[in-house]
Amino acid sequence: MVAASDTEESLKRRLRLGERFIEGWIFLAGLLAIVVLLGIVAILLKEGLPAFGYTPPWEFLFGTKWYPVSEPPTFGILPFFVSTLMITLLATAVAVPIGVGCAAYLAEVAPSKVRETVKPIIELLAGIPSVMMGFIGLMLLSPLVQSIFHLNTGFCGLTASIMLSLMSLPIIVSVSEDALHAVPNEFKEAAYALGATQWETIRHVCIPAALSGITAAIMLGLGRAIGETMTVLMVAGGALAVPVSPVEPMTPMTAAIASGIGNAVRGGLQYQALFAIGLILFIMTLAVNLVAERVLERQKRKFAG
Amino acid sequence: MGTEARLSREVSQRTAFAFLALATVITLTPVLFIIIYTIINGASALNWEFLTHFPSQAGKAGGIFPAIVGTFYLMLGTLIFALPIGVLAAIYLTEYAKDNWLTRLINTAIMNLAGVPSIVFGLFGLGVFVLTFHFGLSLLAASLTLASQALAMVVTTSREAILAVPKEYREGSLAIGATKWQTVGHIVLPQALPGIITGVVLAISRAAGETAPILIVGAAFFLPGLPQSPFDQFMALPYHLYTVSAHVPGMPRSTMWGIALVLLAVVLSFDVLAAVIRIKARQRK
């Protein structure tokens, strides 16, 4: 009897120990996302900050000359920054009306059968690798852009913007559609009861009510476009001057890192400057994402009560 | 209300809906076009030799076998690192974490990780895995880099799958004396499995198509042999497509479209697999 309860006790203790062990691992795994994010920040700071010792931050941001192998080298990233801004704003300007329109159609107008067919196809678009979009831009779109606008080269900001707008469409559509779906039915019923047509309801009730969710969708699409690398590396043209028009060849920040890092000596000035670009890029996307997260949170709270 | 006014409101509704439908068509057309065009133009390059031989003459002749193998290894490597850690993290967040600052911080970290540009993950991989851990430009460094990037997606989808398991299942298990971990392992996880697998398959498919990070942490354009250990460099389909299309002059078009087709087939077949698992699981319920 005593022996039996003894083994039972030890079995329980062993179970408890085993459980503790596993729970410890679970906790560590939970923390890992923070560790990776902090790791990214740490590496970017460690390798990137020394660049500002050679080039003061002001000159780094607003310098127009990127000559990493001259003697002495100069590192000004204004051309890259302006390229990123130009390409992503243009891409977002194209993608937003189309994406929000598509979301409104799917959420409010389309029969459920159409919706069930369309949504997986849009998910497929999200799944097409960025190198593939770059390849399509390089083979098909850039010759088209070149001949339409009579340019010397079809590799330019505009070509990159069009490809990027396609790539930010899926996230804009899916987040906007979720936001429109979350608008309570009572809102719409009230509008119908007042004699509004379906379109008037969508325009004056649904879209305003879902506006914060749609804003978040736009921010997420913008964040995606800012961070896109392969597409812009392959079709934006790679010129190093500050672009003044979207039909010029240019180099966005991501492409500058990707094309330079292979030749940069580890720990050298160019290497540090590229990590500094990475740091600025990280801060830009982080800011955009934090805003999107805030806005989404607000939308959720609005309809929760 | 006048008939005319009503008519004009109806016309404006018709016009507006036409534009919304047009926006949907504009969203759908490119993806269908890209897939169909790639199949038509790439199919002629596909044959046994293309899939099973090494490239020669800077990729202009021969096949893409080592790039296919390299991409397969990368997917496997990402799976090995991202699956267990991602699922454990999701278990922590759903079953163990209390609603406090730490949990909120973890959730914010996951959300923001998902938004970090892939090229920045490449710099992270270079700084941490290649240089600090001394893994060198290698399969291992690339797998860890891609797994870090996949982590957010695996956690998010697994968390959703676990949250969808009804509370009663857990209560029933705990009521008959099972411990918390037994409940999670024997009741919750099996129920959530299809959802978890769907998310992991999608994450692996993304990893297969990633180019920017592996360009920094170890992809090579040409290697004489297959990687023999995790510390070797590797070839990969997306990087191969990038190099032959952007850097090899006089590349035959059909070969480029052939590589694009194989890459697209690998990535999209996993996407379709994920969709099938999801639909099957929904039918069973």
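**Exercise 1. Describe the make-up and spread of chain A, starting from its helices and strands.**

Chain A has 13 helices and two strands, where helices (H or I, at least four residues) and strands (E, at least two) are DSSP runs numbered from the N terminus. The structure is a predicted model, in which local features need pLDDT of at least 70, side-chain atom pairs count only at pLDDT 80 or more, and totals for chains, interfaces and linings use all residues. Residues are numbered from 1 along each chain as its sequence is written, while chains are lettered from A and ligands numbered from 1 in the order in which they are written.

The next step is the spread of the chain. The radius of gyration of chain A, taken over C-alpha atoms, is 25 Å, well over the 19 Å that the globule rule gives for 305 residues, so chain A is more spread out than a compact globule; the rule itself is 2.2 Å times the number of residues to the power 0.38. Along its principal axes, the C-alpha trace of chain A spans about 90 × 65 × 35 Å.

**Exercise 2. Work out how the two domains of chain A are placed and how they touch.**

Begin with the bounds: domain 1 covers 2-48 and domain 2 covers 66-304, and such bounds come from an automatic or database domain assignment. The centres of the two domains, taken over C-alpha atoms, are separated by 39 Å. Five residues of domain 1 are in contact with six residues of domain 2 in chain A, two residues being in contact if their C-beta atoms, placed from the backbone, lie within 7 Å.

**Exercise 3. Characterise the side of chain A that touches chain B.**

The contact takes 65 residues from chain A and 66 residues from chain B. On the chain A side, helix α1 (residues 2-48) gives the most, with 19 residues. By class, the side of chain A that touches chain B divides into 46 nonpolar, 14 polar and five charged residues, with Ala, Val, Leu, Ile, Met, Phe, Trp, Tyr, Cys and Pro counted as nonpolar, Asp, Glu, Lys and Arg as charged, and the others, Gly among them, as polar.

**Exercise 4. Locate the largest nonpolar core and follow one of its residues, B:Val154.**

The largest nonpolar core has 192 residues, and those with the most contacts inside it include A:Ala33, A:Ile172, B:Leu151 and B:Val154. Such a core is a set of buried Ala, Val, Leu, Ile, Met, Phe, Trp, Tyr and Cys residues joined through C-beta atoms within 7 Å; a residue is buried if 20 or more other C-beta atoms, placed from the backbone, lie within 10 Å of its own. Helix α3 of chain B gives the most to this core, with 16 residues. Domain 1 and domain 2 of chain A both give residues to the core, so the core lies between them.

For B:Val154, leaving aside neighbours within four places in sequence, the contacts are B:Ala82, B:Leu83, B:Gly86, B:Val87, B:Gly199, B:Val200 and B:Ala203.

**Exercise 5. Determine how far helix α10 of chain B is covered, and by which elements.**

As background, chain B contains eleven helices and two strands, and 48% of its 285 residues count as buried. Helix α10 (residues 237-247) is mostly covered, with nine of its eleven residues buried, among them B:Leu237, B:Tyr239, B:His240 and B:Val244. The buried residues of α10 in chain B pack against α6 (130-148) and α11 (230-235) of chain A, together with α3 (65-96), α8 (180-209), α9 (212-217) and α11 (253-284) of chain B.

Note on methods: Buried ≥ 20, exposed ≤ 12 C-beta atoms within 10 Å, placed from the backbone.
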